[in-house]
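Biologist: I'm new to this one and would like to learn how to read it. Could you walk me through it, feature by feature?

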Amino acid sequence: MSPSQHPPCLTCRVLLLIDVQVNLLRDPKEGGVPAAHSARQNIESVLSKARSEKHPPRIIHVRNNGELSDADEPHTPGWQLFFPPLPHEPVVDKKKNNAFAGTQLGDLIPTNAEVIVIGMQSDYCVRATCSAALDRGNEVILIRGAHATLDRNEIWNGGSITKAHVVEAEIEDELEEAGVILLDMKDLPDLFTDR
């Protein structure tokens, strides 16, 4: 869908779902993120709330296109979006961590828009896209519990493992320091109202 086919951004608020795909939200025993169950539930709650608003935000789904034999290789089961977009909700396919790089995402999100970010993976695409949105001048909000990642293998640190929840907290601290606003799921009732 081109920007001209999308309804105008009347509220100048965007809900950006980054890589909310089957491969990361499936059961952790099958390769999903450790917090797949709670992240899936929280993402679904945020998306449902956005869709139910009298003046809903612009909802944009970003989908990662992995390489051959990756879990998110295009047109494989893991590549599919976990929550199917509605007909007026654009899908932006990307190949880089920063969802603005090499895509039409910048055309869909005005620089004066408030961007609410949920999705995967905290330490890759969420971090890179939040940082890029800040650089464009957007106000960026990240919802705790509605983004997640995998455990991190510390190759340079003797192969130790940093648990995913620790990585997620590190990224939240880093992004908050950079200017991202962090909200919690308890803030959901007023998330899409004027502040």
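Biologist: Let's begin with a helix. How far apart are the end C-alpha atoms of helix α2, and what span should its 17 residues have?

Modeller: Before the numbers, some ground rules: this is a predicted model, where local features need pLDDT of at least 70 and side-chain atom pairs count only at pLDDT 80 or more, while totals for chains, interfaces and linings use all residues. Residues are numbered from 1 along each chain as its sequence is written, and side-chain values use heavy atoms, with hydrogens and water left out. Helices (H or I, at least four residues) and strands (E, at least two) are DSSP runs, numbered from the N terminus. The expected span of a helix is 1.5 Å times one less than its number of residues. For α2, residues 36–52, that gives 24 Å, and the end C-alpha atoms are indeed 24 Å apart, so the two agree.

Biologist: Which residues of α2 are buried, and what do they pack against?

Modeller: Buried means under 20% relative accessible area, exposed means over 50%, and partly exposed is in between (1.4 Å probe, protein chains only). In α2 the buried residues are Ala36, Ala39, Arg40, Asn42, Ile43, Val46, Leu47 and Ala50. Contact here means heavy atoms within 4.5 Å. The buried residues of α2 pack against β1, α1, β2, β4 (114–120) and β5 (139–148).

Biologist: Now the backbone. Which sign does phi have at Asp19 and at His75?

Modeller: The general idea is that most residues other than glycine have a negative phi, and most peptide bonds are trans. Asp19 has a positive phi of about 50°, though it isn't a glycine. Asp19 lies in the loop between β1 (13–18) and α1 (22–25), and is buried at 4% relative accessibility. His75, also not a glycine, has a positive phi of about 70°. You'll find His75 in the loop between β2 (58–64) and β3 (91–94), and at 66% relative accessibility it counts as exposed.

Biologist: What does the side chain of Asp19 join up with in a polar contact?

Modeller: A polar contact is a pair of N or O atoms within 3.5 Å; within protein, one must be able to donate a hydrogen and the other to accept it, and residues adjacent in sequence count only if both atoms are side-chain atoms. The side chains of Asp19 and Lys94 are joined by one of 3.1 Å. Lys94 lies in strand β3 and is buried, with a relative accessible area of 1%. The Lys94 side chain also reaches the backbone oxygen of Lys96 at 3.1 Å. Leaving out residues up to four places away in sequence, Lys94 touches several residues, including Val62, Asn64, Thr103 and Cys125.

Biologist: How many salt bridges are there?

Modeller: A salt bridge is a side-chain nitrogen of Lys or Arg within 4 Å of a carboxyl oxygen of Asp or Glu. By this rule the count is 12. One of them links Glu114 with Arg13, their closest N and O atoms being 2.5 Å apart. Glu114 sits in strand β4 and Arg13 in strand β1, so this pair ties together parts that are 101 residues apart in sequence. Both Glu114 and Arg13 are buried.

Biologist: Which residues are linked with Arg144 in a network of salt bridges?

Modeller: Glu172 and Asp184 are linked with Arg144 in that network. The side chains of Glu172 and Arg144 meet at 3.4 Å, N to O. Glu172 is in helix α5 (residues 164–178) and Arg144 in strand β5, so the pair ties together parts that are 28 residues apart in sequence. Glu172 is buried at 11% relative accessible area, whereas Arg144 is partly exposed at 28%.

Biologist: What about aromatic rings: how many pairs does a search of the whole structure find?

Modeller: One aromatic pair turns up. Phe82 and Phe83 form it, edge-to-face, at 5.1 Å centre to centre with 70° between the planes. Rings of Phe, Tyr and Trp (its six-membered ring) pair if their centres lie within 6.5 Å; planes under 30 degrees apart count as stacked, over 60 as edge-to-face and the rest as tilted. Phe82 is partly exposed at 28%, while Phe83 is buried at 11%.

Biologist: Last one: how many disulfides does the search find?

Modeller: A disulfide is a covalent bond between the sulfur atoms of two cysteines. The cut-off used is a pair of cysteine sulfur atoms within 2.5 Å, and the search finds zero. Take Cys130: the closest cysteine sulfur, in Cys125, is 11 Å from its own, too far for a bond.
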